[in-house]
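Visitor: I keep hearing structural terms and never know what earns them. Could you take me through a few, setting each value against its rule?

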Amino acid sequence: MRIKSLRPSARKKGRVLLELEDGSLLRLSEETAEQLALREGMELTDALREALAAAPVREEAVRLVGSRALSRRELERKLEKKGGAPEDIRDTADWLEDIGALDDRNYAGVVARHYAARGYGPGRVRQELQRRGIPREHWEEALEELPPPEEAITAYLEKKCRVSPPDDRERKRLADGLLRRGFSWGDIRPALERLGGPLEDD
């Protein structure tokens with residue numbers, strides 16, 4: 001099958017429309033059309049057909065990772081929703097990893113630092129790493145970047161404590177808030193005791 005026509009898109013800058021002999025229409029970036037050296041009347045080889053089929057997936061992937069950091073799994077999910085073929089998605093993700101545009105190890109550290117800066121603890125960071133599909137092999141290194149939990153817990157208590165010294169009810173409210181933010185009871189308890197005396201064991 002041959003390329004019947006190749007023309008710029010009237011609606012989207014940087015996009016070209018490729019019409020085939022059978023009347024089907026493909027939309028590609030100008031850059032992809034140039035890389036593949038496409039021209040009117042050109043016969044489509046099997047290799048060229050494969051490249052054309054994968055081009056939209058690759059273009060969408062580049063757009064996605066160019067707009068914000070993503071894990072490989074997040075990118076794959078987004079491309080699956082767009083209808084990309086599994087093989088094209090896998091090949092595109094491999095290519096982006098090879099050129100350094102997709103790096104789960106680095107992204108794990110970015111996620112950990114982001115949530116630590118917002119005052120969250122290790123438990124919440126683990127939830128986020130899992131939610132974003134970052135492989136567990138990168139978790140420990142990312143968690144090592146977190147500051148000591150005492151700093152974030154103290155800052156939280158100073159901001160949220162309504163009663164000074166806090167009574168048992170207030171300390172329970174504060175403890176529940178810290179647990180939801182991903183801190184362990186072993187880190188929370190000493191901070192609450194500094195704030196209002198010893199806690200009784202349940």
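Visitor: What makes Glu 128 and Arg 131 a salt bridge?
Guide: This is a predicted model, so every value here is computed from it. The closest N and O atoms of Glu 128 and Arg 131 are 2.8 Å apart. The rule asks for a side-chain nitrogen of Lys or Arg within 4 Å of a carboxyl oxygen of Asp or Glu. At 2.8 Å, the pair passes, so we call it a salt bridge.

Visitor: What separates Glu 128 and Arg 131 along the helix?
Guide: About one helical turn, because they sit 3 residues apart in helix 6, which runs over residues 122-131.

Visitor: Is Glu 128 buried or exposed, and how do you know?
Guide: Glu 128 has a relative accessible area of 6%. Buried means under 20%, so Glu 128 is buried.

Visitor: And why is Arg 131 called partly exposed?
Guide: Its relative accessibility is 49%. Exposed needs over 50%, and buried needs under 20%, so a value in between, like that of Arg 131, counts as partly exposed.

Visitor: What about Asp 168 and Arg 171: how do you know they form a salt bridge?
Guide: Same recipe. Their closest N and O atoms are 3.4 Å apart, and the limit is 4 Å, so the pair qualifies. Both residues lie in helix 9, 3 residues apart, or about one turn of the helix. Asp 168 is exposed, because its 59% is over the 50% mark. Arg 171 has 5%, which is under 20%, so Arg 171 is buried.

Visitor: How many salt bridges are there in the whole structure?
Guide: A search finds 20. One of them joins Arg 72 and Glu 97, with the closest N and O atoms 2.8 Å apart.

Visitor: What makes you say that Arg 72 and Glu 97 link distant parts of the chain?
Guide: Look at where they sit: Arg 72 is in helix 3 and Glu 97 in helix 4, 25 residues apart. Arg 72 is at 15%, under the 20% cut-off, so Arg 72 is buried. Glu 97 has 33%, between 20% and 50%, so Glu 97 is partly exposed.

Visitor: What does Arg 72 touch?
Guide: Leaving out residues up to four places away in sequence, Arg 72 touches Arg 90, Ala 93, Asp 94, Glu 97, Leu 102 and Asp 104.

Visitor: Now helix 4. How do you know that its buried residues are on the same side?
Guide: The buried residues of helix 4 are Asp 88, Ile 89, Thr 92, Ala 93 and Leu 96. They cover an arc of only 130° around the axis, which puts them on the same side of helix 4. On the other side, Pro 86 and Asp 98 are exposed. What covers the buried residues includes helix 2 and helix 3.

Visitor: How far does helix 4 reach?
Guide: With 13 residues, helix 4 reaches 18 Å from its first C-alpha to its last, close to the 18 Å expected at 1.5 Å a residue. After helix 4 comes Gly 100, with a positive phi near 85°.

Visitor: What makes strand 1 and strand 3 the edges of the sheet?
Guide: The open sheet has 3 strands in the order 1-2-3, with antiparallel pairing. Strand 1 (3-8) and strand 3 (25-29) each have a single partner strand, so one side of each is left without a neighbour in the sheet.

Visitor: How do you know that strand 2 and strand 3 pair?
Guide: They share 5 bridges in the antiparallel sense. Pairing takes at least two bridges, so strand 2 and strand 3 count as paired. Strand 1 and strand 2 also pair in the antiparallel sense, over 5 bridges. Leu 18 has Leu 26 as its bridge partner in strand 3, and Leu 6 has Leu 18 as its bridge partner in strand 2.

Visitor: One last residue: why is Leu 178 called buried?
Guide: Leu 178, in helix 9, has a relative accessible area of 0%. That is under 20%, so Leu 178 is buried. Among the residues Leu 178 touches are Ile 153, Tyr 156 and Phe 183.

Notes. Residues are numbered from 1 along each chain as its sequence is written. This is a predicted model: local features need pLDDT of at least 70, side-chain atom pairs count only at pLDDT 80 or more; totals for chains, interfaces and linings use all residues. Side-chain values use heavy atoms; hydrogens and water are left out. Contact means heavy atoms within 4.5 Å. Helices (H or I, at least four residues) and strands (E, at least two) are DSSP runs, numbered from the N terminus. Buried means under 20% relative accessible area, exposed over 50%, partly exposed in between (1.4 Å probe, protein chains only). The expected span of a helix is 1.5 Å times one less than its number of residues. The arc is that of the directions from the helix axis to the C-beta atoms.
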